[in-house]
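Got the viewer open? Let's walk through this one stop by stop, with something to select at each.

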Amino acid sequence: MRVLFLSASGALGGSERVLLEMMATLRRTAPGWRLGLLAVEPGPLLQEASVLGVETMVEPLPPAFASLGESGRTRARLLAGLAMSTLPLARYRRRLKAALRDWRPDVVHSNALKTHVLAAWSTPAHARLVWHVHDYVSSRPLSRWLLRMHAGRPATIAANSQSVAADVAQVCGRAVSTVYNTVDLDRFTPAGPVADLDQLSGLPDAPRDTVRAGLVATFARWKGHETFLDALAALPDTLPVRGYIVGGPVYQTGRSQYSLAELREAATRRGVSGRVGFVGFLPDTAPAIRALDVVVHASTEPEPFGLVVAEAMACGRAVIVSGAGGALEIVRPGEDAIVCPPGDAAALGRHIQDLARDGARREALGRAARRHARERFSRDRLVGALYELYGLARPAA
Ligand code: GLC
């Protein structure tokens, strides 16, 4: 069996980390399979994939198409961007077609909106095309239109939650299955190396009794960084809580992400710059998650899945989850996570405050979270799901 994965990014955001999860799982359960990764830009994803024994290739996208992001753009600007990409895209399509033909995949597993379209154009007729969708599409004018146009080509379409599956099914006019993401339960553990977040963010050491609350996310504008900063600003000065922002602007799509300078300025404006550390992007987030007493997820739009929520649960942390979208499917509110209305900084501030004052509650949530993470996010569940996507009988257990 020859499976070729396609990625629209070489960076390590959530969907690329899920790609590595799938590759690692197949490496272990189907060691005889040949796995390939074709990305449209170089980056740490490719290094990590080659460590897993995956053959990696880069076919750089034409720059005008690579930087085409949908957030905050008018329809006219999107169409202008697409028009500018037409000729280079036609050439690209020929190159990609040749690359795919030469690799001779049995399955092409596309992991991003841009590669779904590229794969629909370029996958050899005999190969099975799988679209694996990680984000809502109905709110994205260009993706919605392009996916609907090509929805007849993939043999199967999967999404990372039921909520995304329903959205994609409505756009594509066909059934979409749900494949929940998994987490490496041996790496995301309650015990293990712990990062020094103060040092990483250049802050003086916090006093011993400090409760650390942190948001771990890319700098996408909908991840709720400003809600988190507002919540920190609402805490009493005397409460020993320090906030941390872990992550960076990892994707290159237009203005869809904050810059670090913008977020620092947002913290200063709220008078919390002494209370919040900017840790930066970390390729391995487990030690940073373990350093936090409370992991805050604050997305202001429905979260398709929320890999960080799953990872934080696996690390046995107390998690506050923004209650919308797929993220709501992976927690049991009040039992293994606290759910907060999206964008409600006052409520988020109250939850952080309550948890900061109640170590026993944090521990109980963390224990339940680890237990449920083992049941829900184990790689064992992925094996059968992948075989099904590839049109194969499930392997014997
Ligand atoms: C995308 C989604 C995120 C999800 C990840 C992995 O980044 O926005 O919610 O966790 O993909 O599926």
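Start by selecting helix α2, residues 44-51: this helix lies across β1 (2-7), β2 (34-39) and β3, and runs at about 160° to β3. Keep in mind along the way that you are looking at a predicted model.

Next, pick helix α5, residues 113-122, which packs on the sheet and touches β1, β4 (107-110) and β5. The direction of α5 makes about 165° with that of β5.

Now bring up the sheet under those helices. Select the strands in the order β3-β2-β1-β4-β5-β6-β7 and you have an open sheet of 7 strands with parallel pairing. Which strands stand at the edges? They are β3 (55-58) and β7 (177-178); each has a single partner strand, so one side of each is left without a neighbour in the sheet.

Stay here a moment and zoom in on β5 (residues 128-133) and β6 (residues 156-159), a parallel pair held over 4 bridges. Click V133 and look across to β6: the residue opposite is A159.

Time for the other sheet. Select β10-β9-β8-β11-β12-β13, in that order, for an open sheet of 6 strands, again with parallel pairing. At its edges are β10 (276-280) and β13 (338-340), each of which pairs on one side only. Look along the sheet for its twist: ignoring direction, neighbouring strands are turned by 25° against each other on average.

Within this sheet, highlight β11 (residues 294-296) and β12 (residues 318-322), which run parallel and are joined by 3 bridges. For one residue to click, take V296, whose bridge partner in β12 is I320. Then add helix α9, residues 225-233, which packs on the sheet and touches β8 (211-216), β9 (241-246), β10 and β11. Compare directions, and you'll find α9 at about 170° to β9.

Last stop: the ligand. Show the 13 residues around the ligand; those that come nearest are H134, D135, N160, N181 and E303. By type, this shell splits into 5 nonpolar, 6 polar and 2 charged residues. Which helix gives the largest share of the shell? Select α1, residues 14-29, which supplies 3 residues.

Now turn on distances to the ligand's oxygen atoms:

- N160: a polar side-chain atom sits 2.9 Å from a ligand oxygen.
- F305: here a polar backbone atom is 3.0 Å from a ligand oxygen.
- L307: a backbone N or O atom lies 2.9 Å from a ligand oxygen.

To finish, switch on the surface. Taken alone, the ligand exposes 310 Å², and the protein buries 93% of that.

How values were computed: Residues numbered from 1 in each chain as written. Predicted model: local features only at pLDDT ≥ 70, side-chain atom pairs only at ≥ 80, totals over all residues. Heavy atoms only, no water. Near = heavy atom within 4 Å. Polar contact = N/O pair within 3.5 Å; in protein donor to acceptor, adjacent residues only side chain to side chain. Areas by Shrake-Rupley, 256 points an atom, 1.4 Å probe, with all protein chains shown as cover. Helix = DSSP H or I, 4+ residues; strand = E, 2+ residues; numbered from the N terminus. Nonpolar A, V, L, I, M, F, W, Y, C, P; charged D, E, K, R; others polar. Pairing = 2+ DSSP bridges. Axes fitted to C-alpha atoms, helices over the stretch in contact; angles between N-to-C directions. Contact = heavy atoms within 4.5 Å.
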